[in-house]
Amino acid sequence: PGNPASSLSQNLEPEYIAVSPDGSIAMVTLQESNAIAIIDLEKKEISDLVGLGFQDHSKVPLDASDKDDSVIIRNWPTFGLFQPDSIVAFTVDGELYFATANEGDARDYDAWSEEARAKDLTLDSTVFPDAETLLQDDNLGRLKVSTNAGDIDDDGDYDIIFNYGGRSFSILDADGALVYDSGSVIEERLAIAEPDNFNSNNDENDSFDSRSDDKGPEPEAIAFAEVDGVPHLFVGLERVGGVAIFDVSDPKQPTWAGYFNNRDFSGNAEEGTAGDLGPESIIFIKGEESPTGEPILAVANEVSGTVTLFSIEKD
């Protein structure tokens with residue numbers, strides 16, 4: 001639910017749109033509402049609003065603290081709102097799919113806000129008998145959470161903890177049903193690829209672990225491309241930067257295909273010497289449409305103000 005003083009249309013907040021290759025339907029991410037809208041483009045009407053559910057972090061681990069000075073990806077009794085940003089449509093073996101980058105975003109305005117730290121919540125003592133330990137800063141206490149949901153029995157304390165973002169990408173079918181979600185894969189891979197810069201912020205170097213209490217790497221942008229006949233998804237990570245690549249030959253079981261980051265962690269972000277910062281949008285350019293004759297991935301970076309073109313080459 002959104003601000004109870006606002007209308008449904010004010011609370012939905014459309015974020016991004018993708019159109020099926022045949023032009024028959026569109027899917028719109030309603031980020032803060034943790035939902036998608038399906039639009040029948042032939043009838044010119046909204047055919048469905050679909051809630052996206054939650055990332056169960058008792059089963060899907062995450063790093064929840066920026067005060068533990070280490071990478072600790074583990075299970076916690078909290079539920080992540082997927083809240084997708086970008087979305088892309090694609091087909092594999094004739095089947096239509098949509099892929100979302102599950103960034104997360106709180107409603108946090110001057111007039112009304114739902115954002116708090118987990119330690120600011122009063123937890124139900126029966127559901128959370130270890131609340132005092134759980135809400136310490138180096139455990140779950142620093143995690144950004146919603147105050148707008150979770151008091152299931154309406155008695156003034158919280159029975160469920162909801163945090164922002166899936167820290168993942170998802171694949172949906174044409175009806176909006178979940179086909180696949182990457183869960184903790186991105187954070188776990190970044191812990192290996194960028195151990196000294198894990199969950200860094202995008203406007204400051206030497207910011208190791210500083211986004212773990214918020215939305216982690218924040219998958220922001222997503223693009224689809226067939227490379228040498230193999231379907232891939234490219235996922236831009238807004239905070240630590242870079243692009244994660246997944247082979248989606250089987251949309252129900254994608255596989256990790258690599259990661260690259262044009263950020264210079266030895267540079268100075270404010271002085272403009274830290275390379276690309278804050279991937280916001282990704283576009284795939286086919287070889288026949290490219291000035292080089294080879295496929296290119298174009299990445300726009302909102303913090304550094306740069307647009308970088310990457311050549312996609314066969315291994």
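Colleague: Is Thr255 buried, partly exposed or exposed in this model?

Modeller: The model is predicted, so take each value as computed from it. Partly exposed means a relative accessible area between the 20% and 50% cut-offs. Thr255 has 41% relative accessibility, so Thr255 counts as partly exposed.

Colleague: Where does Thr255 sit in the fold?

Modeller: Thr255 belongs to strand E17, which covers residues 255–260. For a distance, take Ile245. Thr255 and Ile245 are 10 residues apart along the chain, and their C-alpha atoms are separated by 8.7 Å.

Colleague: On to charges. Why can side chains of opposite charge pair?

Modeller: They can pair when their charged atoms come close. The cut-off here is 4 Å, from a side-chain nitrogen of Lys or Arg to a carboxyl oxygen of Asp or Glu. By that rule the structure has 11 salt bridges.

Colleague: Take Arg142. Which residue does Arg142 form a salt bridge with?

Modeller: Asp66 is the partner, and the closest N and O atoms are 3.0 Å apart. Arg142 lies in the loop between helix H2 (131–134) and strand E10 (144–146), and Asp66 in the loop between strand E5 (54–56) and strand E6 (79–81), so the pair ties together parts that are 76 residues apart in sequence.

Colleague: Are these two residues buried or exposed?

Modeller: Buried means under 20% relative accessible area. Arg142 is at 15%, so Arg142 counts as buried. Asp66 is also at 15%, so Asp66 counts as buried.

Colleague: Now Lys144 and Asp214. How do their side chains meet?

Modeller: In a salt bridge, at 3.3 Å from N to O. This pair links distant parts of the chain, 70 residues apart. Lys144 is in strand E10, while Asp214 is in the loop between helix H3 (185–193) and strand E14 (219–227). Both Lys144 and Asp214 are buried.

Colleague: What about Glu218 and Arg211?

Modeller: Their side chains form a salt bridge at 2.6 Å, N to O. Glu218 has a relative accessible area of 0%, so Glu218 is buried. Arg211 stands at 10%, so Arg211 counts as buried.

Colleague: Which residues are linked in a network of salt bridges?

Modeller: Salt bridges link Glu115, Lys144, Arg211, Asp214, Glu218 and Arg239 in a network. The two pairs just described, Lys144 with Asp214 and Glu218 with Arg211, have their residues in that network.

Colleague: Next, sheets. What is the strand order in the open sheet of three strands?

Modeller: For a sheet, read the order and then the pairing. The order is E18-E19-E20, and the pairing is antiparallel. Strand E18 (279–285) and strand E20 (306–311) are the edge strands, each pairing on one side only. From one strand to the next, the twist averages 20°.

Colleague: How many bridges join E19 to E20?

Modeller: Six bridges join them, and E19 covers residues 296–301. For a single partner, follow Val299: its bridge partner in E20 is Thr308.

Colleague: Last, internal space. How many cavities of 30 Å³ or more does a search of the whole structure find?

Modeller: A cavity is space that a 1.4 Å probe fits but cannot leave. The search finds one of 30 Å³ or more. The largest cavity holds about 70 Å³ of space.

Colleague: Which residues line the largest cavity?

Modeller: The lining is Gly241, Gly242, Val243, Phe260, Asn261, Asn262, Asp276, Pro279, Val299, Asn301 and Phe310. By class, the lining divides into five nonpolar, five polar and one charged. Val299 thus has two roles to inspect: it lines this cavity and has Thr308 as its bridge partner in E20.

Methods:
Residues are numbered from 1 along each chain as its sequence is written. This is a predicted model: local features need pLDDT of at least 70, side-chain atom pairs count only at pLDDT 80 or more; totals for chains, interfaces and linings use all residues. Side-chain values use heavy atoms; hydrogens and water are left out. On a 1 Å grid over the protein atoms alone, a cavity is a set of points where a 1.4 Å probe fits but cannot get out, and a pocket is an open set with protein on both sides within 12 Å along at least five of seven lines; lining residues have an atom within 4 Å of a point. Grid points are joined across faces, edges and corners, and a volume is the space filled by probe spheres set on the points. Ala, Val, Leu, Ile, Met, Phe, Trp, Tyr, Cys and Pro count as nonpolar, Asp, Glu, Lys and Arg as charged, and the others, Gly among them, as polar. Two strands pair if DSSP finds at least two bridges between them. Helices (H or I, at least four residues) and strands (E, at least two) are DSSP runs, numbered from the N terminus. Axes are lines fitted to C-alpha atoms, for helices over the stretch in contact, and angles run from 0 to 180 degrees between N-to-C directions. Buried means under 20% relative accessible area, exposed over 50%, partly exposed in between (1.4 Å probe, protein chains only).
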